[in-house]
Amino acid sequence: MREMSASMARRTALAAQGLASVRVVKEGLASTRAVHKVIAQTQLLQIDSVSVLVRAHYAPVFSRIGKYDRTVIDQAAWTDTARRPRKLVEYWGHEAALIPVEDWPLMGWRTKLYEQGRWGGAAKVLERNPSLADDVLAVIGDFGPSSAGDIERALEVERPGRKGPWWDRSDVKVMCEQMFAAGMVSVATRSGFVRHYDLTERVIPPDILSRTVNEADAVRELVNKSAVALGVASEPDLRDYYRLSQKQSKAAVAELVEDGVLEPVEVRGWDVPAYLHVDARIPRSVRGSALLCPFDPMIFYRPRVERIFGFRYRIEIYTPQHKRVHGYYVFPFLMGDELVARLDLKGDRARSELQVLGAFVEGERAVGPIAVALAQALREMADWLGLDAIVIGERGDLVTALASAV
């Protein structure tokens with residue numbers, strides 16, 4: 001069995017994610033082709049509703065290619081015309097995600113799994129109103145892409161009051177999400193961050209929708225795509241990328257090993273078996289730098305982050321403020337092949353400020369070089385987001401050096 005050093009594995013993982021090269025900062029915007037290349041590398045972009053800085057699905061592309069036009073992703077996901085056909089579709093990949101539209105048949109087994117509900121709430125809704133699913137489909141069928149609010153108005157349904165500090169879901173919204181999970185409806189477009197549902201046959205091209213892939217073949221291809229995106233990975237890493245079950249992924253990994261697509265390797269310092277994709281690249285060095293969103297595919301599986309980088313990372317959005325260690329929306333900072341710092345970031349549009357609420361060095365490192373590299377990354381991010389000023393806060397052992405560098 002081939003042996004890899006921890007450093008080789010780290011460089012391989014970064015190369016697979018498009019994070020191994022020095023990014024040249026340009027005056028203009030990166031090309032549409034460059035955006036699509038990132039998506040081909042990561043295979044998916046996780047979606048999240050938090051907008052304290054920028055929506056999660058936009059950030060990983062910026063981390064890899066710098067400034068780009070976010071409407072490129074909007075058009076790929078939520079525009080479908082003869083001139084510009086849809087390239088991405090929303091579904092449950094790694095949680096809610098944008099996936100290539102041609103990958104839709106690989107999710108057929110999952111839509112069947114969710115036919116009876118992804119959550120228990122849908123069954124209770126149907127008990128209260130057995131005709132609601134048919135009513136919702138009828139409205140969508142007649143009116144086309146519709147938000148849950150549009151459907152409520154068409155059905156003359158009174159919306160209930162807010163049910164909790166984060167969630168406000170009516171029966172109609174629950175039913176829309178249930179039918180989305182079951183593949184009956186898809187997201188045709190968004191207004192702001194509000195989903196507008198349409199019949200799946202009007203969202204997915206007929207030639208793709210008609211393709212059927214059995215579960216074993218689909219899971220094997222999803223594990224292969226995970227391995228492409230990860231470069232070198234443990235079985236749990238491969239499993240988590242598309243949130244598969246252990247039974248599914250173990251069988252798929254075994255088949256891919258037998259087929260020569262995955263090579264079992266021993267990574268020094270890893271306490272789990274590892275698998276190297278046949279097409280993975282192992283660069284001799286990694287010299288890039290990037291701020292990584294909490295939902296970036298490079299870091300969204302926390303056990304892998306800790307194993308590869310020795311970096312313990314937890315998102316603290318749902319942690320009460322007084323118990324947070326680093327902040328609400330914290331970006332790890334990649335410098336070379338190490339995660340060297342973490343920044344609590346916020347975009348204040350009213351003040352046109354990129355606010356660094358906290359900045360923390362990881363471990364015993366010299367702050368000077370990190371601050372200089374971070375200052376450049378923050379300037380580029382502010383420019384991309386159309387924010388005029390960078391404001392450094394008072395929390396953390398990096399703020400003084402960073403304020404001087406900015």
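Contact, as the word is used for R342 and for the other residues described here, means heavy atoms within 4.5 Å. The structure is a predicted model, and the contacts of R342 offer a convenient way into it. Leaving aside its neighbours within four places in sequence, R342 is in contact with F311, R312, Y313, H326, V330, F331, P332, G358, A359, F360 and E362. R342 itself is found in strand β12, which covers residues 338-348, and with a relative accessible area of 5% it counts as buried, because the cut-off for that class is under 20%. Two polar partners can be named for its side chain: the side chain of E362, with which it makes a polar contact at 2.8 Å, and the backbone oxygen of R312, which lies 3.1 Å from a polar atom of the R342 side chain.

From this charged residue we may turn to the nonpolar interior. In soluble globular proteins, nonpolar side chains tend to be buried together. Here the largest nonpolar core has 109 residues, and L53 and Y329 are those with the most contacts inside it. Helix α15, spanning residues 367-385, gives the most to this core, contributing 10 residues. Around Y329, once residues up to four places away in sequence are not counted, the residues touched are V50, V52, L53, V54, A56, C293, P294, F295, I317, L343, D344 and L345, a list that includes L53. Apart from the largest core lies another, of 26 residues, with V267, V305, I308 and F309 among them.

The packing of two helices can be followed next. The axes of helix α11 (residues 215-230) and helix α13 (residues 246-258) come within 9 Å and cross at roughly 75 degrees; since angles of 65 to 115 degrees count as roughly perpendicular, that is how α11 stands to α13. On the α11 side the meeting residues are E215, V219, R220, V223 and N224, while α13 brings Q248, S249, A252, V253, E255 and L256. By character, the residues of this contact divide into 5 nonpolar, 3 polar and 3 charged. One of them, N224 in α11, counts as buried at 16% relative accessibility, and, its neighbours within four places in sequence left aside, it is in contact with L256, V261 and H277. The C-alpha atoms of N224 and A16 are separated by 13 Å, although these residues stand 208 residues apart along the chain.

The last stop is strand β3 and the loop that follows. Y91 lies in strand β3 and is buried, with a relative accessible area of 1%. Not counting residues up to four places away in sequence, Y91 touches A96, A97, I99, W104, M107, R110, T111, Y114, F180 and A181. Between the C-alpha atoms of Y91 and R365, 274 residues apart along the chain, the separation is 41 Å.

H94 lies in the loop between β3 (88-93) and β4 (95-100), and H94 is buried, with a relative accessible area of 1%. The side chain of H94 makes a polar contact with the side chain of R243 at 3.2 Å, and it reaches the backbone oxygen of Y241 at 3.4 Å. With residues up to four places away in sequence again not counted, H94 touches L44, Q46, D240, Y241, Y242, R243 and F300, so that both polar partners, Y241 and R243, also appear among the residues within 4.5 Å of H94.

Notes. Residues numbered from 1 in each chain as written. Predicted model: local features only at pLDDT ≥ 70, side-chain atom pairs only at ≥ 80, totals over all residues. Heavy atoms only, no water. Core = buried A, V, L, I, M, F, W, Y, C linked by side-chain atoms within 4.5 Å. Buried < 20%, exposed > 50% of the residue type's maximum accessible area, 1.4 Å probe, protein only. Helix = DSSP H or I, 4+ residues; strand = E, 2+ residues; numbered from the N terminus. Axes fitted to C-alpha atoms, helices over the stretch in contact; angles between N-to-C directions. Parallel < 35°, antiparallel > 145°, perpendicular 65-115°, else oblique. Nonpolar A, V, L, I, M, F, W, Y, C, P; charged D, E, K, R; others polar. Polar contact = N/O pair within 3.5 Å; in protein donor to acceptor, adjacent residues only side chain to side chain.
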